[in-house]
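Please open the model in your viewer and keep the sequence panel beside it. The stops below say what to select next and what is to be found there.

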Amino acid sequence: MADGGERSVGGWTPRNPAQGARRGAALLALLPRMLTLLGPPAICAILVALAAPAQADPARERAGVGALQAGRDVSDATAAAHYLDGVALTEAGKPAEAERCFRAARPLLRAGDRPRPMAALDHALGVLSLRTGHPGEARRHLREALRGRRVGEDLPGEATTLTNLALACEQQGELALAQAHLERARDLLAGLHRDVEAAYVDGLAAAVRLRRGDTRAGRAALKRSLERLAKAKAARNASLVWLRASAAWRTRGRTARALEAAECAGDAAAACDDEPLAHAAREAFLHASVGAGCRDPEGLAAPALKRHATPTAWANLAVLSTRAGDLPQARRWLQRAVVEAGRRGQVETEAQALVSLAAVQLQLGDAQAAGTSLRSAEALIDQSSLEALRGHLLWGLAAEAARRGARSEARTLAAHALRLIAAQRAGLDDLLGPRTGAALHPLRTLALRLAFEAGDARGALETIDRTRARVLVESMRAHRGPRLELSAPLAARIQSAEAAVGRAREARRSARARGHLPRARKASRALRAAQTRHERVLSRAQRVRRLAASDLVGDEAPASPRPEDLLRPHEVMVLQVWMPRRVHALVVTTKSVRLVDLGTRERAASACAALATPDFEAKALQEARNVLVKPLGLRPDARVVLMSPEGPGWRLPLGALFPDRDVAVLASPSVLAVLNEERAHRGRSVLALADPGPTGVDSADTARAPRGPSLPPLPSARKEARHLADHVLAGGDARESDFIRLASSGPRRRALHLACHGLHEPDRPELDALVLAPSAEADGHLGLLEVSGMRMQTDLVGLSACDTARGTVHAGEGLVCLAHGFLAAGGTRVLGSLWKVDDEATRALMIRFHELWNPPTGKGRGLPAAQALRQAQGYVRSQPKWAAPRYWAAWVLFGVPSG
């Protein structure tokens with residue numbers, strides 16, 4: 001598994017020096033990008049498969065793909081256009097749109113029986129999944145690509161696919177398999193005398209050897225690879241190899257070597273003038289500098305950074321000094337960065353350094369100097385149109401205004417800064433380490449402090465909503481947007497057109513088989529007409545989807561929803577706010593927003609810690625109610641509490657804290673706004689997965705808990721699943737690949753239920769997983785990134801396993817856990833657990849919950865989900881053997897409380 005702080009470098013993408021004409025034919029313009037993803041033989045395979053003439057579409061001519069309308073029929077040309085759109089969008093950094101284009105090409109190529117283009121398409125999807133942080137999905141696509149390529153037919157393409165497959169395996173922690181794939185790819189390339197590519201792949205294999213602890217062989221292979229790359233003057237490939245080596249050394253705790261490798265990566269990136277690689281090298285250097293065994297990061301980093309004496313080097317030294325608490329030294333480094341950037345004419349770097357310098361000066365109490373720095377940065381930003389920095393500039397101006405007592409001006413500037421920075425969309429690489437959210441956290445703290453001092457509860461609510469759970473909200477919008485905007489008539493037209501194409505193709509095949517040429521010609525004309533209609537419908541749907549995507553991901557952050565538009569009269573939303581010294585809460589109803597002071601941070605943290613264990617005492621529970629619930633002053637008619645926790649509040653057993661009210665967890669009002677569109681939706685069937693096997697271990701301990709390499713069976717889980725579901729996958733049939741396929745297809749479901757083992761790794765959310773049965777396509781660990789990449793439609797996801805509501809809390813972002821992954825993937829509600837749960841008690845609670853929430857046909861509509869959970873917990877608590885909180889209090893409902 002890749003280190004949690006490492007930024008993904010991506011797959012093997014050797015550059016082609018040929019550059020197409022800027023406004024020339026579409027093939028020439030896109031050929032370098034296609035070569036980047038697939039290699040020349042794969043491109044040839046596509047062009048050979050689409051070799052006969054066809055009609056050109058003027059609209060696609062204008063879009064730059066008309067030259068590729070060369071298929072045997074319309075579907076071939078449409079597939080080529082979709083594929084090229086996907087390649088271009090991948091290189092443009094638009095993964096969601098690229099994936100939609102690739103998905104649109106898939107059924108057309110499959111229907112036309114195009115194995116080699118299908119292999120190229122699977123490879124492109126695999127690279128896209130790898131770049132967007134979905135290694136499990138990448139492995140599935142890349143395996144399909146390998147199967148589609150005939151052995152020995154396309155050796156360079158096979159080597160490329162093997163390399164990217166190895167990188168996906170490495171990200172999932174399967175280092176031995178990654179090394180085997182890389183060595184096979186290296187041998188293929190060496191046999192083709194492609195020395196640069198072979199040396200690069202050999203360097204990746206060396207980094208994997210280092211991570212596995214094979215230091216001697218790894219260092220020898222690394223040295224050999226880098227010598228060959230240096231001889232070939234392949235600086236970009238050398239930089240990538242050095243980055244991998246830095247990550248490998250950092251994983252092994254060898255901080256000094258990781259620093260040296262990151263420095264070399266930066267040198268190589270500078271030599272080839274590749275700013276993204278240089279940025280990745282800078283991040284690798286900073287990660288290594290604060291890594292294991294590094295007690296003096298500044299002292300260790302200073303010699304290497306000073307030797308380069310670049311503005312970025314001085315700025316990085318300032319970051320290290322700030323982390324070490326030496327603000328005067330940080331100020332000196334930033335002043336040198338400003339001078340050096342100005343001397344070199346690096347305007348953006350100079351502006352960034354000035355803003356950072358102002359922040360340090362404010363912390364040192366020198367408001368006048370901070371104001372001067374900020375005005376200088378503002379002048380640079382205005383002159384050079386560096387709008388991406390304006391939000392951070394306004395943040396500094398707000399802090400400076402607050403320091404000199406201009407509270408109203410500071411609040412206005414902070415609100416504007418929040419809007420600008422929040423408009424910078426969070427990407428998938430933010431999911432496991434929300435860097436943008438962490439950058440927003442100090443600004444959020446300042447804005448909230450100003451709002452609390454002014455008694456502006458609604459301003460505080462807007463600030464919280466703009467900053468909390470940004471990654472989750474963006475992912476939810478991206479998953480739901482393309483599905484919600486397609487109207488039922490348009491979906492019906494797509495299905496009808498697809499069916500017409502299938503009938504026409506079958507008629508042509510039958511006529512040709514019988515040798516009836518006139519009928520075959522007539523069927524061919526009918527097929528062309530059906531394919532033309534199908535293409536028009538698909539084009540219309542694609543335009544609608546692109547419009548929806550542009551609405552969801554625009555240049556401005558969406559406005560925060562109004563509480564009166566979100567809540568119902570009997571609902572109240574409680575948002576916890578943990579400030580540096582005190583804890584506050586916002587109590588939101590349809591009529592008002594109140595600000596409540598919950599006391600000191602120390603007292604609130606102590607109350608939360610006492611409830612964070614399965615065996616909490618009644619005295620601790622009463623203390624937590626006195627601190628966290630009683631001051632809220634909730635009215636008796638507020639029957640439903642929508643809780644938005646923060647910090648330690650994410651570990652609270654809410655069913656015990658609010659025994660007389662229905663409770664659901666929502667990370668922010670914007671999450672509720674997205675889910676409210678699905679309140680009225682109701683699925684039908686229930687798909688359950690239970691006790692994946694084989695376990696091969698008998699154990700008296702039936703807790704659904706993480707263990708070592710062997711897992712005890714869960715006999716109650718199978719009974720639970722059979723009682724609840726229409727379709728059950730159990731034992732060896734409960735494969736990860738089958739579950740993903742079934743959960744992501746078909747009509748909307750009433751529930752997806754997973755009764756299995758859960759794995760939780762504190763502070764490493766990328767390792768959290770549900771343990772399913774393995775297969776050739778998947779390793780059996782359904783992790784957070786794989787879950788968030790799924791597309792599902794379901795009213796509820798029941799995670800009947802351990803620790804599925806636990807994860808990592810990021811400052812300024814919130815909780816990252818499996819439950820939120822299923823919300824992002826399309827679940828309207830998710831039921832998760834806060835700790836290890838008992839097998840038999842869990843079966844009783846889940847069966848009771850489903851009987852209340854989803855009764856059999858003819859027995860009523862059922863209770864709201866939050867009310868059903870409260871009553872199910874009460875039922876389990878009423879049993880003497882399960883009266884202790886550890887058996888019933890762990891369960892928390894995420895999402896919409898009703899329905």
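Begin with a selection of R514, R519, R521, K522, R525 and R528, which together form a positive surface patch in this predicted model. Colouring by helix is useful here, since helix α26, spanning residues 517-552, gives the most to the patch, with 5 residues. R514, by contrast, lies in helix α25, which covers residues 488-514. With a relative accessible area of 67%, R514 is exposed, so it passes the requirement of over 30% that applies to residues of a patch.

**Salt bridges**

The structure holds 29 salt bridges, and the next selections visit some of them. Select R344 and E340, whose side chains meet in a salt bridge with an N to O distance of 2.8 Å. Both residues belong to helix α17, residues 327-344, where they stand 4 residues apart, about one turn of the helix. In an α-helix, which has 3.6 residues a turn, residues three or four places apart point the same way. The two partners are not equally accessible: R344 counts as partly exposed at 38% relative accessibility, whereas E340, at 13%, counts as buried.

Move on to R886 and D615, where the side chains meet in a salt bridge at 2.9 Å, N to O. This pair links distant parts of the chain, 271 residues apart, with R886 in the loop between α37 (865-877) and β16 (891-895) and D615 in the loop between α28 (601-611) and α29 (618-629). R886 is partly exposed, having a relative accessible area of 32%, and D615 likewise counts as partly exposed, at 48% relative accessibility.

Now select helix α33, residues 736-743, and show the side chains of R741 and D738, which form a salt bridge whose closest N and O atoms are 3.6 Å apart. Because R741 and D738 are 3 residues apart in this helix, they are separated by about one helical turn. D738 counts as buried, at 15% relative accessibility. How many of the 8 residues of α33 are buried? The number is 7, so the helix is largely enclosed by the rest of the structure. The buried residues are E736, S737, D738, F739, I740, L742 and A743.

For a further view of charged side chains, select R186, D187, D202 and R224, which are linked in a network of salt bridges.

**Cysteines**

How many disulfides does the structure hold? The count is 0, and C756 is accordingly in no disulfide, the nearest cysteine sulfur being that of C802, 9.4 Å away. Seen from the other side, C802 is also in no disulfide, and the nearest cysteine sulfur to it is that of C756, at 9.4 Å. A disulfide would need the sulfur atoms to be within 2.5 Å. Display the molecular surface around these two residues: C756 is buried, with a relative accessible area of 0%, and C802 is buried as well, with a relative accessible area of 1%.

**Backbone angles**

Turn next to the backbone. Most residues other than glycine have a negative phi. Select H193, where phi is near 60 degrees, a positive value in a residue other than glycine. H193 is found in the loop between α9 (175-191) and α10 (195-212), and at 66% relative accessibility it counts as exposed.

Then go to D803, where phi is again positive and near 60 degrees in a residue other than glycine. D803 has its place in the loop between β12 (797-800) and β13 (807-810). Is D803 buried or exposed? With a relative accessible area of 5%, D803 is buried, whereas H193 counts as exposed.

**A contact across the sequence**

As a last stop, select R458, found in helix α23, residues 457-467, together with L595. The two residues are 137 apart in sequence, and a C-alpha to C-alpha distance label in the viewer should read 9.0 Å. R458 counts as partly exposed, at 42% relative accessibility.

Definitions and conventions. Residues are numbered from 1 along each chain as its sequence is written. This is a predicted model: local features need pLDDT of at least 70, side-chain atom pairs count only at pLDDT 80 or more; totals for chains, interfaces and linings use all residues. Side-chain values use heavy atoms; hydrogens and water are left out. Patches are made of residues with over 30% relative accessible area and no salt bridge: like charges are joined within 9 Å, nonpolar side chains (Val, Leu, Ile, Met, Phe, Trp, Tyr) within 5 Å. Accessible areas come from the Shrake-Rupley method with a 1.4 Å probe; for residues, only the protein chains shown count as cover. A salt bridge is a side-chain nitrogen of Lys or Arg within 4 Å of a carboxyl oxygen of Asp or Glu. Lys and Arg count as positive and Asp and Glu as negative; His and the chain ends are not counted. The place of a charge is taken as NZ of Lys, CZ of Arg, CG of Asp or CD of Glu. Helices (H or I, at least four residues) and strands (E, at least two) are DSSP runs, numbered from the N terminus. Buried means under 20% relative accessible area, exposed over 50%, partly exposed in between (1.4 Å probe, protein chains only).
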